[in-house]
Amino acid sequence: MSVSALGAAQTFAYSSAPSRPAASGGGGAVAAGRAQAAAPGGLSTADLKVVSELKARDQVVRAHEAAHLAAGAGIVTRGASYTYQTGPDGQRYAIGGEVGISTSPGRTPEETLAKAEQIRAAALAPADPSGQDLRVAAQAAQMAAEARQLLAEQSAEARRVGEAYGAGAAPESAVPAGTQVDAWA
């Protein structure tokens, strides 16, 4: 997960691609290469298998990031960016990706709560959330809990003020500063 210097943006990252082992320089690799039959198109059967795996991986990664984008409408700071691997066929295949989202709080506790719930939904949107996605979802859950706590405190304060002045309206001088509302009929 990358977080900006201001802490206002995070990314969902998906890059659990199995890495392809490097061929050893020993004679075993050369002998194995000779045993592989050339397939149509000039690629060996082993290369065709690698290309097939890369194509499948590319589809999974793109679907994963598309799920984040769809669920993150309104909080996405940048579209999906991908990490690529070039296959034996010379084509580039996505093997990892990320979507930037805004994780800054809202202007009010209500906005913060709604935003936190959307961040969590976007993080958990793919069928197979990555470890990074789960961390972002947990941070969003914490943000939501803090917003709920602030809302509860505000509600308790409003009840306390209401009870202190009874069911009737409190005189203007008795209402704490910043809570007065002018109502004109």
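**A walk through the helices and cores**

Let me begin with helix α4, which runs over residues 131-164, has 34 residues and reaches 50 Å from its first C-alpha to its last, close to the 50 Å expected at 1.5 Å a residue. Please keep in mind, as we go on, that this is a predicted model.

Which residues of α4 are buried? They are Q132, D133, V136, A137, A140, M143, A144 and A147. When you look at their spacing on the structure, it helps to remember that an α-helix has 3.6 residues a turn, so residues three or four places apart point the same way.

From there we can move to the largest nonpolar core, which has 14 residues, and in which I101, I119 and V136 touch the most other members. At least two residues of this core come from each of β3 (92-102), α3 (109-123) and α4, and the largest share, 6 residues, is supplied by α4. There is also a second, separate core of 6 residues, with L43, V50, V51 and I95 among them.

Now turn to S44, which you will find in the loop between α1 (27-35) and α2 (45-71). Is S44 buried or exposed? S44 counts as buried because its relative accessible area is 13%, and the cut-off for buried is under 20%. The side chain of S44 also reaches the backbone nitrogen of D47, at 3.1 Å.

Finally, a word on the aromatic rings: the structure holds 1 aromatic pair. Two arginines also deserve a look, since R62 lies over the face of Y82, at 4.6 Å from the ring centre, while the charged end of R92 sits over the ring of Y84, 4.0 Å from its centre.

Note on methods:
Residues numbered from 1 in each chain as written. Predicted model: local features only at pLDDT ≥ 70, side-chain atom pairs only at ≥ 80, totals over all residues. Heavy atoms only, no water. Helix = DSSP H or I, 4+ residues; strand = E, 2+ residues; numbered from the N terminus. Expected span 1.5 Å × (residues − 1). Buried < 20%, exposed > 50% of the residue type's maximum accessible area, 1.4 Å probe, protein only. Polar contact = N/O pair within 3.5 Å; in protein donor to acceptor, adjacent residues only side chain to side chain. Core = buried A, V, L, I, M, F, W, Y, C linked by side-chain atoms within 4.5 Å. Phe/Tyr/Trp six-rings, centres within 6.5 Å; stacked < 30°, edge-to-face > 60°. Lys NZ or Arg CZ within 6 Å of the ring centre and 35° of its normal.
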